[in-house]
Amino acid sequence: RRAVRVVVASPPMLDAPSLAPFRDKCVVLPYGIEPRPYTAAAATAPRPSEPAGSEPILLFVGRLVNYKGVDVLLHALQGLAARAVVVGDGPCRASLEALAAELGVADRVTFAGQVPDEVRLDWYRSADVFVLPSVSNQEAFGMVQVEAMLSGLPVVSTALPTGVPW
């Protein structure tokens, strides 16, 4: 009540029920990011620790929790001639690795885990498509999408009623 402004990262967040009483104080201020690390030429980045091949690489970067929807990516991989690289770690990693095996796609999925910034940047530069298959409103924005776009990657995301599609 005492705040002069309430800052949200995207227009869809203006409609959050908890902000309704303060709507007149809300302003959209998108997240900022330093672009230089992401805009290096893709030709300088070989695919890190990945076997050579002509299949496109679908990249996911994020915490391995249920609302990120990595299970959706694994299911989709069944019908695609592509590989997936999952960068990040979290409480769902073991179950996602088991799901990949169960679906018969484990040989086309690399669970890279938590990696240093340089390796993460290499993945952005060398992947073919970035995916953010989030399945819940807990995914409010998806900063990794901005990182992917700065790296020149096309982005595929879910149409959540949050800042993800924005």
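Here are a few exercises on the structure above, each with a worked solution.

This is a predicted model, where local features need pLDDT of at least 70, side-chain atom pairs count only at pLDDT 80 or more, and totals for chains, interfaces and linings use all residues. Residues are numbered from 1 along each chain as its sequence is written, and side-chain values use heavy atoms, with hydrogens and water left out.

**Exercise 1. Find the largest nonpolar core and say which element gives the most to this core.**

Step 1: Start with the terms. A nonpolar core is a set of buried Ala, Val, Leu, Ile, Met, Phe, Trp, Tyr and Cys residues joined through side-chain atoms within 4.5 Å. Buried means under 20% relative accessible area, exposed over 50%, and partly exposed in between (1.4 Å probe, protein chains only).

Step 2: The largest core has 37 residues, and Leu 59, Phe 60 and Tyr 124 are among those with the most contacts inside it.

Step 3: Now look at the elements; helices (H or I, at least four residues) and strands (E, at least two) are DSSP runs, numbered from the N terminus. Those giving two or more residues to this core include strand S3 (57-61), helix H1 (70-77), helix H3 (117-126) and helix H4 (143-150).

Step 4: S3 gives the most, with five residues.

Step 5: There is also a second, separate core of five residues, including Val 8 and Cys 26. As background, nonpolar side chains tend to be buried together in soluble globular proteins.

**Exercise 2. Work out what surrounds Tyr 124.**

Step 1: Tyr 124 is buried, because its relative accessible area is 0%.

Step 2: Skip residues up to four places away in sequence, and Tyr 124 touches Tyr 38, Leu 59, Phe 130 and Glu 147, among others. Contact here means heavy atoms within 4.5 Å.

Step 3: Check the rings. Rings of Phe, Tyr and Trp (its six-membered ring) pair if their centres lie within 6.5 Å; planes under 30 degrees apart count as stacked, over 60 as edge-to-face and the rest as tilted. By this rule there are four aromatic pairs.

Step 4: One of them joins Tyr 38 and Tyr 124, edge-to-face, at 6.0 Å centre to centre with 70° between the planes. Tyr 38 sits in the loop between S2 and S3 and Tyr 124 in helix H3, 86 residues apart.

Step 5: Tyr 38 is buried too, because its relative accessibility is 8%.

**Exercise 3. Track down the salt bridge partner of Glu 147.**

Step 1: A salt bridge is a side-chain nitrogen of Lys or Arg within 4 Å of a carboxyl oxygen of Asp or Glu. The whole structure has seven of them.

Step 2: Glu 147 pairs with Arg 120, with the closest N and O atoms 3.4 Å apart.

Step 3: Glu 147 lies in helix H4 and Arg 120 in helix H3, so the pair ties together parts that are 27 residues apart in sequence. Both residues are buried.

Step 4: Compare a pair inside helix H3: Arg 125 and Asp 122 form a salt bridge at 3.5 Å. They are about one helical turn apart, because three residues separate them in the helix.

**Exercise 4. Is Pro 133 buried or exposed, and what does Pro 133 contact?**

Step 1: Pro 133 is in the loop between S6 and H4.

Step 2: Pro 133 counts as buried because its relative accessible area is 8%.

Step 3: Leaving aside neighbours within four places in sequence, its contacts include Phe 60, Val 70 and Thr 158.
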